[in-house]
Amino acid sequence: MKDKFKSLFSPFTFPNGVTLKNRIVIAPMTHWSSNPDGSVSEIELKYYARRSAGVSAVITACAYVTPNGKAFHGQFAADRDEMIPGLRKVATAIQQQGAKAILQIHHGGRLCPPELVPDGDIVSASAVPAERPGAETPRSLTIQEIEEIIDAFGEATRRAIEAGFDGVEIHGANGYLIHQFFSPHSNRREDQYGGTLEKRMSFPLEIIKKVKSVVDQHAKSPFIVGYRFSPEEPETPGITMADTLVFVDVLANQGLDYLHVSLNDFRSTPRVGVEDFTKTRIEYLLETINGRVPLIGVGSIITADNAKEALETGVDLIAIGREMIVDPDWVQKIQEGREDEISIVIFTDQQEELIIPDGLWEQIISRPGWFPVKER
């Protein structure tokens with residue numbers, strides 16, 4: 001490989017002692033390809049295996065932790081023990097290619113389609129619909145239900161451990177339930193889970209505490225626990241960069257193995273809540289974290305030079321998303337000095353060659369501009 005890219009391939013060790021072979025991980029990406037009952041399909045096993053050889057870790061698509069947390073058609077489940085054999089196949093498919101396997105655990109909250117949850121009962125922090133066309137008004141969760149969901153994240157973590165995963169990532173980003181509790185838009189509660197910024201942190205912090213306690217109880221070897229968050233949201237009122245910096249300051253002291261910021265572009269700058277809008281969100285986050293916990297950066301990393309630039313921001317690891325679908329050999333091409341051969345376009349006759357499941361392929365083809373798609 002070229003000398004300028006060697007930093008991408010230096011090992012990295014998490015606080016718990018688990019070492020990754022390089023600084024490149026696969027970002028969690030929905031693939032719409034599990035079976036209707038939430039069990040793992042053969043095509044998604046092939047999809048993961050095809051993309052796991054070069055990276056140091058794979059963060060899976062999100063797995064729902066309760067039946068009323070399913071947010072996508074073709075989403076896989078971690079809500080019951082019958083799912084463990086299938087989850088074990090996912091972990092093995094990734095690990096056999098030399099990467100660590102991290103299961104992202106999730107509840108969709110108010111973003112769950114009614115047809116995917118029991119009795120169409122959509123739940124959230126408060127009875128506030130999402131600001132999007134056709135959004136359902138959710139039901140506000142009771143205290144008992146909140147406690148049950150916290151326990152469910154713990155049980156999903158136990159299943160991940162029993163299935164042989166190397167870690168879990170708690171999905172607190174992208175508008176789903178944990179995000180909804182932190183957001184002043186979706187959380188209008190006046191109990192211990194809402195009101196002040198500190199109370200809006202309670203739900204995610206209790207989930208982290210539960211997950212870590214399950215790891216302490218059940219894991220026989222070091223097990224990675226990460227947390228993903230979105231730094232801002234467009235709604236008013238909504239999460240601001242200032243809110244997130246307060247939250248991240250607290251998260252950095254929770255004994256997590258990493259934080260993972262969800263961004264469309266790693267160079268993006270804050271919208272509101274800071275004094276200097278020329279500084280990037282990554283810069284603000286790194287200043288706040290101050291070396292207390294590793295940070296994964298993601299967003300618009302397409303070329304080898306993009307990856308180098310992203311790592312040079314000071315993040316510890318970089319997550320590659322869509323580009324790993326476009327070119328599953330992205331990492332190997334950089335490592336072999338063939339970065340000029342990286343594909344940045346999907347051709348319409350490549351579904352089988354790239355091992356892209358039907359559900360994901362339909363999304364790629366039907367959403368213009370989401371992926372660079374061309375006909376030969």
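Which residues of H7 are buried? The legends below take this up along with other close-ups of the chain, which is a predicted model.

**Figure 1. Helix H7 and the elements that cover its buried residues.** Met 241, Asp 243, Thr 244, Leu 245, Phe 247, Val 248 and Leu 251 are the buried residues of H7. Their cover includes four helices to look for, namely H4, H5 (197-200), H6 (202-218) and H8 (281-289). Strands S9 and S10 (258-261) are also part of that cover.

**Figure 2. A cis peptide bond in the loop ahead of H7.** Here the bond from Thr 236 to Pro 237 is cis, and its omega is near -5°. Most peptide bonds are trans, so this is a nice spot to pause. Pro 237 sits in the loop that joins strand S9 (224-229) to helix H7 (241-251).

**Figure 3. The second largest pocket and its lining.** This pocket holds about 210 Å³ of space. Val 18, Lys 100, Ile 161, Phe 165 and Asp 166 line the pocket, together with His 218, Ala 219, Lys 220, Ser 221, Pro 222 and Phe 223. Sorted by class, the lining comes to 6 nonpolar, 2 polar and 3 charged residues.

**Figure 4. Helix H9 and its buried face.** Within H9 (residues 304-311), the buried residues are Ala 304, Asn 306, Ala 307, Ala 310 and Leu 311. Looking down the axis of H9, you will find these buried residues within an arc of 160°, so they line one face of the helix. A reminder helps here: an α-helix has 3.6 residues a turn, so residues three or four places apart point the same way. The packing partners of the buried residues of H9 are strand S12 (317-320) and helix H11 (330-335).

**Figure 5. Two residues with positive phi, Asn 174 and Ile 355.** Most residues other than glycine have a negative phi, so both views deserve a look. Asn 174, which is not a glycine, has a phi of about 60° and belongs to the loop between strand S8 (167-172) and helix H4 (177-182). Asn 174 is partly exposed, at a relative accessible area of 34%. Ile 355, also not a glycine, has a phi of about 50°. Its place is the loop between helix H12 (351-354) and helix H13 (358-366). Ile 355 is partly exposed too, with a relative accessible area of 23%.

**Figure 6. Helix H13 and its packing partners.** Gly 359, Leu 360, Trp 361 and Ile 364 are buried in H13. The buried residues of this helix pack against helices H1 (42-51), H10 (322-326) and H12, and against strands S13 (346-347) and S14 (373-374).

**Figure 7. Phe 347 and its contacts.** Phe 347 belongs to strand S13 and is partly exposed, with a relative accessible area of 25%. Setting aside neighbours within four places in sequence, Phe 347 is in contact with Trp 361, Lys 374, Glu 375 and Arg 376. Pro 372 is 25 residues from Phe 347 along the chain, and their C-alpha atoms are separated by 8.5 Å.

**Figure 8. The chain around the close-ups, with 13 helices and 14 strands.** A compact globule of 376 residues would have a radius of gyration near 21 Å, and the 20 Å of this chain agrees. Its C-alpha atoms fill a box of roughly 55 × 45 × 45 Å along the principal axes. Of the 376 residues, 59% are buried. Among contacts with a separation of 6 or more, 69% join residues 24 or more positions apart.

How values were computed. Residues numbered from 1 in each chain as written. Predicted model: local features only at pLDDT ≥ 70, side-chain atom pairs only at ≥ 80, totals over all residues. Heavy atoms only, no water. 1 Å grid on protein atoms, 1.4 Å probe; cavity = no way out; pocket = protein on both sides within 12 Å on 5 of 7 lines; lining within 4 Å. Points joined across faces, edges and corners; volume = space filled by probe spheres on them. Nonpolar A, V, L, I, M, F, W, Y, C, P; charged D, E, K, R; others polar. Buried < 20%, exposed > 50% of the residue type's maximum accessible area, 1.4 Å probe, protein only. Helix = DSSP H or I, 4+ residues; strand = E, 2+ residues; numbered from the N terminus. Arc of directions from axis to C-beta. Contact = heavy atoms within 4.5 Å. Rg over C-alpha atoms; globule rule 2.2 N^0.38 Å.
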